[in-house]
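Please keep the structure open in a viewer while reading, and make each selection as it is named. The tour pauses at a few stops, with a short account of what is to be found at each.

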Amino acid sequence: MSTRSVSAPPDDDLHGFPASAFSVDRPSLDRFGPVEALRILVIAMTFIACAARRFGGYALAAAFGRRRERTVRSALADGAVDGFERLGPMFVKLGQLIASSSGAFPRELSDACLRCLDDVPPASAVRARAVVERDLGRPIAELFTSFDSVPISAASVAQVHACVLPDGREAVLKIQRPGIARRMIVDLRAALVLARLLHWRFESARIANAVGVVRDLYELSVAEVNFLVEADRQHRVREQLGFFGDNADVVVPEVFWDFCGPRVLCMERLRGVPLDRFDDVRARADAPMLIRRMVKMWLEGVTVHGLFHGDVHAGNLWLLDDGRLAMLDYGIVGEMSEPWRALVRAMFYASAFDGDFTPVARAMRELDLFPDQSADDEAIGAQLAMVAGPILSGELADMDLRTITGLLLDFGKDRGLAGPEQLILLGKQLGYFERYAVALAPNWRLGRDLYLLRNIFPEKVAAEAARQGVSLPS
């Protein structure tokens, strides 16, 4: 069974398309049949085979006295990533999360998962051209002055080709891989079954809300395969950039709507290097300031606008040749309702100004996150200060996400709190930022940087900056 929902732009600016073009196909996630059962078997066999191959290679090398620097754990980690790459987009996304949240996972696994941030083999140029011509209704030669059949990059869901528009503007086309939508929903159904088994077997999975994670990923994924929805989100985030007038050093590519469709997204071409080329970034830019500008713009999306980039791995963040930072790829975007924005604002206010997390507990109660309504807000706030304080106010280079994750799970267990789905995506992005900050701004304290908060708490930031005698970057 499949349903459709319409995700039309909220301002009724449909960019020349009918509202139905923004509809999102929503196949049932709870369906489980022979295809899904077979997929679970394939997943299990793939991981077993990849792990066995890597372990066999390790054992053979060890028997002949070679590669003594290798360990069983690193060999098995390489096997797991081999499995991710063979199993497709949902597993590649999992690998990207692990790679960019290294403190929360075994080092051997997070290092091996760096491969998931690289390009994957592209679909053939013939199939890519066919997708464009079917979506836009005209031959490639009539649509563009030139079209490069060799992709610039290729990811799990789409690949990117350079082109030149009839008016001479350089652009890129993001073209969806044929058949990817069906493959993603089967993987999600299989993942839901596995998450339910984890809920039944492990209390930590219930506290971390493993089933909620899968359902949240489903909501993101069904929208991700309609590129008109992505184009609209990219357009809206680009408009947010100018709201306060001080984000000129961050760029979101312009969407060229005349060349977009459900499986094709056309935008301006930008040139630069990915943010994880740390040596290049340090040589070409004020790296700490670059990180601060990026997080400032992103945090304003979370707390003020309610719309924020939800997949900030290094392939989507570029230092441009002109020194600006570009945020690319809006296939995954988080949307925060006002009550959730208020919760996040309360967390940062407590961290930056007074250390009082009681308003955070109060905001959590407003969202019905505590089943025990008799719990004392001040006591909960004190516990939150112990758990969340180090996350927000400490130096990111000293942050141990593995330990912090354990503390949060213990806190949830004590309070009967399941991991709220709305914060899962936000937490994932903080994990990405940790990696960049450790490399490029190791002494930076995210939760106490007044520059990040000046458009969120303008009067309080101005007063605090005056008290400290500091001036904020223009």
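Begin by selecting Ile 48, which is exposed, with a relative accessible area of 53%. The model is a predicted one, and the values quoted at each stop are computed from it. Ile 48 belongs to helix H1, which spans residues 34-63, so colouring that helix gives a useful frame for the next selection.

Now add Leu 38, Leu 41, Val 42 and Met 45 to Ile 48: these five residues form a nonpolar patch on the surface, and together they have about 470 Å² of accessible area. In soluble globular proteins, nonpolar side chains tend to be buried together. Ile 48, by contrast, counts as exposed because its relative accessible area of 53% is over the 50% cut-off.

From the surface, turn to the interior. Which residues have the most contacts inside the largest nonpolar core? Select Leu 275, Met 294, Tyr 436 and Leu 453, which hold that position in a core of 66 residues. Helix H12, residues 287-305, gives the largest share of this core, contributing 10 residues. Apart from this core lies another, made up of 33 residues, and its members include Leu 29, Leu 87, Ala 112 and Val 222; showing the two sets in separate colours makes the arrangement easier to follow.

The next stop concerns backbone geometry. Select His 15, in the loop between strand E1 (2-6) and strand E2 (23-27), where phi is positive, at about 60°, although the residue is not a glycine. His 15 is buried, with a relative accessible area of 14%. Then move to Asp 329, which lies in the loop between strand E12 (325-327) and strand E13 (333-335). Asp 329 is likewise not a glycine, and has a positive phi of about 70°; its relative accessibility of 25% places it in the partly exposed class.

Finish with the cysteines. How many disulfides does a search of the whole structure find? The search returns zero. Select Cys 163 and Cys 266 together: the sulfur of Cys 266 is the nearest cysteine sulfur to Cys 163, at 4.7 Å, and Cys 163 is in no disulfide. The pair does not qualify because a disulfide requires sulfur atoms within 2.5 Å. Cys 163 is buried, with a relative accessible area of 4%, and Cys 50, a last residue to select, is also buried, with a relative accessible area of 5%.

Technical notes
Residues numbered from 1 in each chain as written. Predicted model: local features only at pLDDT ≥ 70, side-chain atom pairs only at ≥ 80, totals over all residues. Heavy atoms only, no water. Core = buried A, V, L, I, M, F, W, Y, C linked by side-chain atoms within 4.5 Å. Buried < 20%, exposed > 50% of the residue type's maximum accessible area, 1.4 Å probe, protein only. Helix = DSSP H or I, 4+ residues; strand = E, 2+ residues; numbered from the N terminus. Patch = residues over 30% accessible without salt bridge, like charges linked within 9 Å, V, L, I, M, F, W, Y side chains within 5 Å. Areas by Shrake-Rupley, 256 points an atom, 1.4 Å probe, with all protein chains shown as cover. Salt bridge = Lys/Arg side-chain N within 4 Å of Asp/Glu carboxyl O.
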